[in-house]
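Thank you all for coming; I would like to take a few minutes to go through one model with you. Please have a look at the sequence and the structure before I begin.

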Amino acid sequence: MDIYNLTTVTQFILIGLSDLPEVRYPLFAAFIIIYQITLLGNGLILLAIVTEKKLQTPMYYLLANLSLLDIFCPSATVPKMLKNLLTEDHSISFVGCALQLYFLVALAGTEVFLLAVMAYDRYVAICFPLRYSLIMTKVRCVQLLFGTWAAGFLNSFVHTMSTFSLSFCNSNRVNQYYCDIPPVVALSCSSTYMAEMLLLVIASIFGVGAFLITLISYIYIVSTILKIQSTEGKRKAFSTCASHLLVVFLFYGTTIFTYMRPTSTQYSPGRDRLISMLYGVITPMLNPIIYSLRNTEVKGALRKVLHFRICSQTV
């Protein structure tokens with residue numbers, strides 16, 4: 001039920017992916033399979049990096065953190081979504097909504113910064129291969145990782161405080177299957193100018209900055225690869241960054257399509273919720289598949305892990 005006028009909002013109602021009862025259970029089955037594949041795929045990547053000494057390098061430490069983010073990010077939204085598909089109660093408390101938004105924005109922001117660091121890592125590896133071990137030391141890698149996580153969570157803290165310091169006294173129906181900044185801010189009955197300007201300024205500085213680092217790194221990478229004379233040399237150089245490049249395209253493509261596409265005259269809230277699924281659910285599932293298919297070292301480590309598990313079960 002909506003809460004109107006002078007009543008202060010103490011909980012929010014998350015609009016589900018579909019109001020049609022006949023598709024609730026198929027959606028539940030589909031999403032629980034996707035979620036399990038996400039956890040399994042990223043868990044195997046983590047296990048392979050931890051157990052295989054050959055993968056314990058800065059490049060794969062960064063990949064391990066990407067896998068962690070791809071486990072945590074859907075875990076902030078999918079369990080609640082699955083519960084909503086099975087029950088009639090779609091409510092989430094005010095504090096619960098704030099926490100969900102905080103962790104979701106923090107993890108998404110951390111991934112933006114991490115992709116920029118991964119692009120810089122590939123830039124150093126391809127453009128300065130002889131100096132790579134001197135530049136990307138384990139200490140430098142830890143410093144960069146600490147910076148990405150700290151920046152992501154600090155950025156989210158600012159946005160969460162700004163969003164939930166607004167007054168909510170009208171509708172409490174969040175037009176999404178999780179709490180996100182735009183649909184929550186849209187429910188405010190006070191001025192949202194400062195919250196919207198803060199979002200715009202921070203996104204312009206940090207988001208665009210991270211994107212430019214990624215873009216410029218790949219411009220230099222492509223330029224360097226094109227200067228290599230041999231076809232085999234070009235193939236080897238490109239293979240070292242192909243997986244990350246696919247992940248970058250997937251991440252920014254779904255993000256832009258979710259948040260930055262022009263408003264259509266044929267506005268469909270249900271379609272918007274399905275599109276946001278690409279960003280929050282499908283991408284984390286595809287990332288480990290991309291790395292396991294495109295990276296021969298990861299494929300070899302995964303074969304060892306799976307072979308060991310099969311052998312240990314048969315003994």
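I will start with the chain as a whole, then turn to the disulfides, and finish with the cavities and two residues of one helix.

I should say at the outset that this is a predicted model, and that the values I quote are computed from it. The secondary structure of the protein chain comes to twelve helices and three strands. The chain has 315 residues, of which 47% count as buried. Its accessible surface comes to about 16,500 Å², and 70% of that surface belongs to carbon and sulfur atoms. If we take the contacts between residues at least 6 apart in sequence, 79% of them join residues that are at least 24 apart.

Let me now move to the cysteines. How many disulfides does the count come to? The count comes to two disulfides, and, with the bonded cysteines counted along the chain, they follow the pattern 1-3, 2-4.

One of them is formed by Cys97 and Cys179, whose sulfur atoms are 2.0 Å apart. This pair links distant parts of the chain, since Cys97 sits in helix α4 while Cys179 sits in the loop between β3 (173–174) and α7 (181–185), 82 residues apart. The link of Cys97 and Cys179 is left-handed, with -120 degrees about the S-S bond. As for exposure, Cys97 is buried, with a relative accessible area of 0%, and Cys179 is buried as well, with a relative accessible area of 0%.

The other disulfide joins Cys169 to Cys189, with an S to S distance of 2.0 Å. Cys169 lies in the loop between α6 (138–164) and β3, whereas Cys189 lies in the loop between α7 and α8 (193–227), so this pair ties together parts that are 20 residues apart in sequence. With 125 degrees about the S-S bond, the link of Cys169 and Cys189 is right-handed.

Is Cys189 buried or partly exposed? Cys189 counts as partly exposed, because its relative accessible area is 30%. Leaving aside residues up to four places away in sequence, Cys189 touches Ser167, Phe168, Cys169 and Asn170. Cys189 and Leu166 are 23 residues apart in sequence, and their C-alpha atoms are 7.8 Å apart in space.

Two further cysteines deserve a word. Why is Cys127 not bonded to Cys241? The closest cysteine sulfur to that of Cys127 is in Cys241, but it is 9.5 Å away, which is too far for a bond, given that the cut-off for a disulfide is 2.5 Å between the sulfur atoms. Cys141, for its part, counts as buried because its relative accessibility is 1%, and the limit is under 20%.

That brings me to the empty space inside the model. There are three cavities of 30 Å³ or more, and the largest cavity holds about 100 Å³ of space. Thirteen residues line that largest cavity, and the closest to its centre are Met59, Met118, Arg122, His244 and Tyr291.

Which helices supply at least two residues each to this lining? They are α2 (58–75), α4 (94–127) and α10 (242–259), and the largest share, four residues, comes from α2. By class, the lining of the largest cavity has six nonpolar, five polar and two charged residues.

I would like to end with two residues of helix α4, beginning with Arg122, which has its place in that helix and which, as I said, is among the residues closest to the centre of the largest cavity. Arg122 counts as buried because its relative accessibility is 7%. Not counting residues up to four places away in sequence, Arg122 touches Met59, Tyr132, Tyr218, Ile221, Thr240 and Cys241.

The other residue is Ala119, which also lies in helix α4 and is buried, with a relative accessible area of 0%. Outside the residues up to four places away in sequence, Ala119 touches Thr214, Ser217, Tyr218, Ile221 and His244. From Ala119 to Ile221 there are 102 residues in sequence, yet the C-alpha to C-alpha distance is 9.2 Å. Tyr218 and Ile221 are thus found among the contacts of Ala119 and also among those of Arg122.

Key
Residues are numbered from 1 along each chain as its sequence is written. This is a predicted model: local features need pLDDT of at least 70, side-chain atom pairs count only at pLDDT 80 or more; totals for chains, interfaces and linings use all residues. Side-chain values use heavy atoms; hydrogens and water are left out. On a 1 Å grid over the protein atoms alone, a cavity is a set of points where a 1.4 Å probe fits but cannot get out, and a pocket is an open set with protein on both sides within 12 Å along at least five of seven lines; lining residues have an atom within 4 Å of a point. Grid points are joined across faces, edges and corners, and a volume is the space filled by probe spheres set on the points. Ala, Val, Leu, Ile, Met, Phe, Trp, Tyr, Cys and Pro count as nonpolar, Asp, Glu, Lys and Arg as charged, and the others, Gly among them, as polar. Buried means under 20% relative accessible area, exposed over 50%, partly exposed in between (1.4 Å probe, protein chains only). Contact means heavy atoms within 4.5 Å. Accessible areas come from the Shrake-Rupley method with a 1.4 Å probe; for residues, only the protein chains shown count as cover.
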